[in-house]
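Subject: Structure for you to look at

Hello,

Here is the structure I promised to pass on. Please open it first, then read my notes beside it.

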Amino acid sequence: MSFRWKQAEPVSRQAERKTPASSRFGDQLIAVLPRLRRFARGLTRSVTEADDLVQAACERALMREHQFQEGTRFDSWMFRIVQTIWIDQLRARSVRKEDDEVAEERLGTDAPVRRVEARIALAEVREAIDLLPTDQRATLMLVTVEGLSYKEAAEVAGVPVGTIMSRLARARVALQQQLDAGGGIRGRTKNAEAQ
Amino acid sequence: MQKRSDEAHSDEALIAYLDDELDPVERQHVEAWVSADPAGRERLAALAQSGDLARHAYADIINEPVPERLLAAARGETLDGETLDGETLGSDRASQEAQILMLKRPERTAAPMQRRWYYGLAAAAGLFGIAFGGAGSYLGLTLFNTAGSAGRQAMASEANNIWLDNAAGYYKLLANAGDNKLIDVPATNDPREALQKISQSLPQQMRLPDLKPWGLTFRGARLIVVDGRPAAQLVYGTDNKAIGSLSLVISGSKQADMQPTFDRRQDVNMLYWRHQGRAYALVGQTDIGYLWGIANDVAWQLDAI
């Protein structure tokens, strides 16, 4: 077994090492985990998938720590990583088009559970948000739920600010319409019963 | 069509107003509009309510306990999903930290310390995929799966546990005793003299790693007994609080060479490895990133001289 280790870091560079910054990096990463989970939950609509997504994002962030620019928003950087991985996964699985169908299937197969949840208003709101197209849902999560500015959300999503504005408007209006119409589960249940 | 476009435009303006994304002129325009138009006010209120509901709908996720696997991922650690079952993964963090994480030497990079240490370790872990170390069943199971003789492996693992416990214990003794109090052979003017004296009691000649580049000064050495064998504990000190005192335990070993492995026991961090008939453990309170860099340096020096 070869055991030769190469020369360690040049000694004079000790002061330049980024250990304190790296510690901050790790601390920041752990601190932002709850929000990453929430954002991922909004994207994936699944607890397990969301956590898988966050885990993948953590691993990618550590690999690309050197790309993070001190002084910029760490949470935005992480949201971008989460979203990028999510989009990659969607493309890889070719489920972007089927995404909403999958959600409908889930809702249909879990009807008893869903009916219980339907009694909870906030669960209905989540259901209504789940029905939004992916782009709108992601924008809503970034701006309305996570509190990013339009500019920050645009950087995360890699789109112009105007696109964020229009996506957000469509999402908020659709959400409001869903809720006004007794959307979410109740609306779907009515539709299912009618069929 | 024009009406729908206007409505969309109005909705964008109202939402941007709620999100405080309008400049002062636009803001005044919206305020003038909603104050003069009851329908506009109603629309604004409805959109505000939907936003509040969206925020509240996801508020509880923030308070959920973060799964251990995500904390481990954020720390750059690897929980071996094939050997840790779901119950183990769900256990408390303290027990998780007691698990041995099999860490491997990172690939050489131009500036290795510019990466977070645990990335290097985790990446290297993926390259080698070896497991070894202290936490009972995990250790045992892993060894049993990776070696032919379960009995020999179990004995070796137990011996290794004792060795590591001893190395950690001697470090704590030294740290609790205070500066240089327990050092048998203090480094006076010539550190090599201290080493020579220690070496006389050991089966093999010792070499003294120079850790001055890390701001660590050789304070002296102790002759100790780990796992029933004589060993040297080389003691280094520094004013750098980020590193603190360190000890390097070196003893003879009949076990096979082993890649550097991280462990934490008795509240101290350890990097240990075996090479060409010797076992080494670098022990200290400092961040594992420092330990890794220093151990890298130590191993290089001892191997190259």
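Start with one residue in chain B. B:Asp267 is exposed, because just 8 other C-beta atoms lie within 10 Å of its own, and a residue with 12 or fewer counts as exposed. Where does B:Asp267 lie? It sits in the loop between strand 5 (258-265) and strand 6 (268-275) of chain B. Now find B:Gly169. It is 98 residues from B:Asp267 along the chain, and the two C-alpha atoms are separated by 9.9 Å.

Keep in mind that this is a predicted model. The predictor gives the complex an ipTM of 0.71 and a pTM of 0.46.

**The two chains**

Chain A has 195 residues, and 41% of them count as buried. It holds 10 helices and 0 strands. Read from the N terminus, its elements run α-α-α-α-α-α-α-α-α-α. Take the contacts in chain A with a separation of 6 or more: 63% of them join residues 24 or more positions apart.

Chain B has 305 residues, of which 39% are buried. It has 12 helices and 7 strands. Of its contacts with a separation of 6 or more, 56% are between residues 24 or more positions apart.

**How confident is the predictor?**

Chain A first. Its average pLDDT is 74, and 67% of the residues score at least 70. Which element of chain A has the highest mean pLDDT, and which the lowest? Helix 7 (residues 134-145) has the highest, at 93, and helix 10 (residues 184-194) the lowest, at 41. Over residues 1-21 of chain A the pLDDT is below 50, and this stretch has 31 contacts beyond near neighbours in sequence. Residues 98-119 of chain A also stay under 50, with 14 contacts beyond four places in sequence.

Now chain B. It averages a pLDDT of 68, and 61% of the residues score at least 70. Confidence is highest in strand 7 (residues 278-284) of chain B, at a mean of 89, and lowest in helix 8 (residues 117-128), at 30. Two stretches of chain B have a pLDDT below 50. Residues 1-5 are one of them, with 0 contacts beyond near neighbours in sequence. Residues 80-149 are another, and that stretch has 118 such contacts.

**Two covered helices**

Look at helix 7 of chain A. It is mostly covered, with 10 of its 12 residues buried. Among the buried residues are A:Arg137, A:Leu140, A:Met141 and A:Val145. Just after this helix comes A:Gly147, which takes a positive phi of about 80°.

Helix 5 (residues 68-75) of chain B is also mostly covered: 6 of its 8 residues are buried. They are B:Glu68, B:Arg69, B:Leu70, B:Ala72, B:Ala73 and B:Ala74. This helix is followed by B:Gly76, whose phi is positive too, near 80°.

**Where helices of the two chains meet**

Two packed helices are described by the angle between their axes and the distance between the axes. Try that on two pairs.

The first pair is helix 2 (residues 47-63) of chain A and helix 5 of chain B. They pack at an angle of about 15°, with their axes 8 Å apart. Angles under 35 degrees count as roughly parallel, so these two helices are roughly parallel to each other. The crossing is left-handed. From helix 2 of chain A come A:Asp51, A:Val54, A:Gln55, A:Cys58 and A:Glu59; they meet B:Arg69, B:Leu70, B:Ala73 and B:Ala74 of helix 5 of chain B. By class, that contact has 5 nonpolar, 1 polar and 3 charged residues.

The second pair is helix 9 (residues 161-180) of chain A and helix 3 (residues 38-57) of chain B. Their axes come within 9 Å and cross at roughly 90°. That makes helix 9 of chain A roughly perpendicular to helix 3 of chain B. Helix 9 of chain A brings A:Arg172, A:Leu175, A:Gln176 and A:Leu179 to the contact, and helix 3 of chain B brings B:Ala46, B:Leu47, B:Ser50, B:Gly51, B:Leu53 and B:Ala54. The residues of this contact divide into 6 nonpolar, 3 polar and 1 charged.

Best wishes

How values were computed:
Residues numbered from 1 in each chain as written. Chains lettered and ligands numbered in written order. Predicted model: local features only at pLDDT ≥ 70, side-chain atom pairs only at ≥ 80, totals over all residues. Buried ≥ 20, exposed ≤ 12 C-beta atoms within 10 Å, placed from the backbone. Helix = DSSP H or I, 4+ residues; strand = E, 2+ residues; numbered from the N terminus. pLDDT = per-residue confidence, 0-100. Contact = placed C-beta atoms within 7 Å. Axes fitted to C-alpha atoms, helices over the stretch in contact; angles between N-to-C directions. Parallel < 35°, antiparallel > 145°, perpendicular 65-115°, else oblique. Left-handed = near helix turned anticlockwise from the far one by under 90°. Nonpolar A, V, L, I, M, F, W, Y, C, P; charged D, E, K, R; others polar.
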